Amino acid sequence: MSEQRTSLQAPDHTRRVLIAGAGIAGVQTAVALREQGWRGAITLLGDEPHQPYDRPPLSKALLLGKADGAAFDVDFAGLGIDLHLSRPVTALRPADHEADTAEGPVPYDYAVIATGAEPVLLPGSEGLPGVHLLRTLDDAERLRPVLAAQRRIVVVGAGWIGAEFATAAREAGCAVTVVEAADRPLAGALPAEVAAHMTSWYADAGAELRTGTGVAAVEPGAVVLADGTTLPADAVVVGIGARPATGWLAGSGVALSPENGSVLADEQLRASVPHVYAVGDCASFPSARYGRRLLIHHWDNALQGPRTVGENIARGAAEGMVYDPVPYFWSEQFGRFVQYAGHHQAADEMIWRGDPAGASWSVLWLHEGRMVALLAVGRPRDLAQGRKLIEKGAALDRDRAADAALPLKSAVL
């Protein structure tokens with residue numbers, strides 16, 4: 001994040017915004033409030049002792065020792081943002097307009113829930129030596145010497161984080177085995193015919209991928225799989241998903257999704273109780289674009305959502321800003337730059353651009369002839385053009401869209 005500077009003039013501390021969570025969503029909400037002219041008090045409460053930091057470098061440069069830190073370049077004091085580290089919010093009491101912390105209650109006029117997500121734990125592995133997660137700066141610091149020592153590592157989960165960590169571990173010279181309970185990598189994100197072409201990436205990078213089997217037990221120096229195989233392991237890295245960190249909202253009256261525990265925000269990112277908003281990994285929102293509620297656990301959502309929250313609180317207009325983005329994320333894995341924009345469903349029509357056995361190719365998804373999603377592998381121009389076409393809801397000529405030699409935008413009808 002580039003340095004954020006916004007002048008603060010004539011502060012009005014009679015109005016107070018409390019932001020629970022000091023990750024990118026919380027930090028950007030605080031900055032957006034100032035950018036939108038909010039002159040009241042802003043209190044930002046974070047769980048961790050570190051200065052707020054960005055997460056993508058954790059699985060990349062910082063993990064490999066190529067960077068010393070990932071702190072946001074934000075002048076909190078200069079912006080009049082009251083930052084409290086190691087002070088998690090433990091409860092929200094909307095009727096009293098207060099949030100509870102171990103150091104006492106914090107009053108607010110508006111509250112923003114930005115507590116992110118917490119990793120899903122591998123059953124039976126919690127507290128075992130040599131078992132790691134990769135969610136926080138401390139997690140990355142603990143893993144850095146493991147990679148530097150070129151140890152034998154078993155990665156549980158072949159999703160985005162598992163692939164990124166395996167990439168870094170192979171780059172460091174570690175022996176890597178990735179275990180995935182599903183029959184393919186990225187099973188929760190991509191259809192089988194697309195993910196099939198990503199399976200060979202592991203072997204090409206010197207990592208072993210074992211699909212279709214789960215973990216039965218983690219023992220000292222080994223991982224026992226459900227099929228009876230024992231894998232030697234100096235370290236185990238678990239990347240099997242994350243859930244919204246919303247347990248602290250129990251009893252608050254804030255409505256949560258029964259499916260995933262996310263805050264059920266509305267189209268303006270307001271929670272179900274007055275004067276409370278929710279943003280980032282912990283919040284789902286209704287998308288008119290896609291006709292369903294979306295929960296997006298990716299960096300761009302935590303960057304874009306705060307602009308909506310900041311504007312809606314600062315301006316206080318009766319007709320607030322609606323949040324309905326084209327979702328976007330990227331991943332660097334095994335020497336490839338993978339980007340995805342939009343949202344697709346199983347029934348959507350799929351069109352290939354390029355040879356998926358090659359170094360660069362894309363997949364498009366159409367719904368009723370209009371482009372709704374795009375996966376681009378090593379084709380950043382496809383992504384840049386496709387993202388704009390999705391935003392417009394453009395209808396495409398299928399033959400031209402499938403011709404990788406033509407610019408994607410030339411396929412618009």
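In which order do the 3 strands of the antiparallel open sheet that includes β5 run? The legends below take up this sheet and three other places in the predicted model.

**Figure 1. An open sheet with antiparallel pairing.** The order of the 3 strands is β4-β5-β6. At the edges sit β4 (89-93) and β6 (106-107), each of which pairs on one side only. Look next at β4 and strand β5 (residues 98-101): 4 bridges join them in the antiparallel sense. If you would like a residue pair to start from, find Val89, whose bridge partner in β5 is Thr101.

**Figure 2. An open sheet with mixed pairing.** Here, too, you will meet 3 strands, this time in the order β18-β20-β21. The edge strands are β18 (263-264) and β21, and each pairs on one side only. Between β18 and β20 there are 2 bridges, and these two strands run parallel. A handy residue to pick out is Leu264, as its bridge partner in β20 is Ser284.

**Figure 3. Tyr290 and its surroundings in a loop between strands.** Staying with β20 (283-287) and β21 (292-295), we now turn to the loop that links them, where Tyr290 has its place. Is Tyr290 buried or exposed? Its relative accessible area is 11%, under the 20% cut-off, so Tyr290 counts as buried. Leaving out residues up to four places away in sequence, Tyr290 touches Pro325, Val326 and Pro327, as well as Gly342, His343, Gln345, Val372 and Ile390. For His343 there is a further detail to see: its backbone nitrogen lies 3.3 Å from a polar atom of the Tyr290 side chain. His344 is 54 residues from Tyr290 along the chain, and the C-alpha atoms of these two residues are separated by 8.6 Å.

**Figure 4. Glu164, a buried residue of a helix.** Our last stop is helix α3 (residues 160-171), which holds Glu164. With a relative accessible area of 8%, which is under 20%, Glu164 is therefore classed as buried. Which residues is Glu164 in contact with, leaving aside its neighbours within four places in sequence? They are Ser59, Lys60, Trp330, Ser331 and Glu332. Take a moment over Ser331: its side chain and that of Glu164 are joined by a polar contact of 2.9 Å. To place this view relative to another part of the chain, find Ala102, 62 residues from Glu164 in sequence; from C-alpha to C-alpha, the two residues are 36 Å apart in space.

How values were computed
Residues are numbered from 1 along each chain as its sequence is written. This is a predicted model: local features need pLDDT of at least 70, side-chain atom pairs count only at pLDDT 80 or more; totals for chains, interfaces and linings use all residues. Side-chain values use heavy atoms; hydrogens and water are left out. Buried means under 20% relative accessible area, exposed over 50%, partly exposed in between (1.4 Å probe, protein chains only). Contact means heavy atoms within 4.5 Å. A polar contact is a pair of N or O atoms within 3.5 Å; within protein, one must be able to donate a hydrogen and the other to accept it, and residues adjacent in sequence count only if both atoms are side-chain atoms. Two strands pair if DSSP finds at least two bridges between them.
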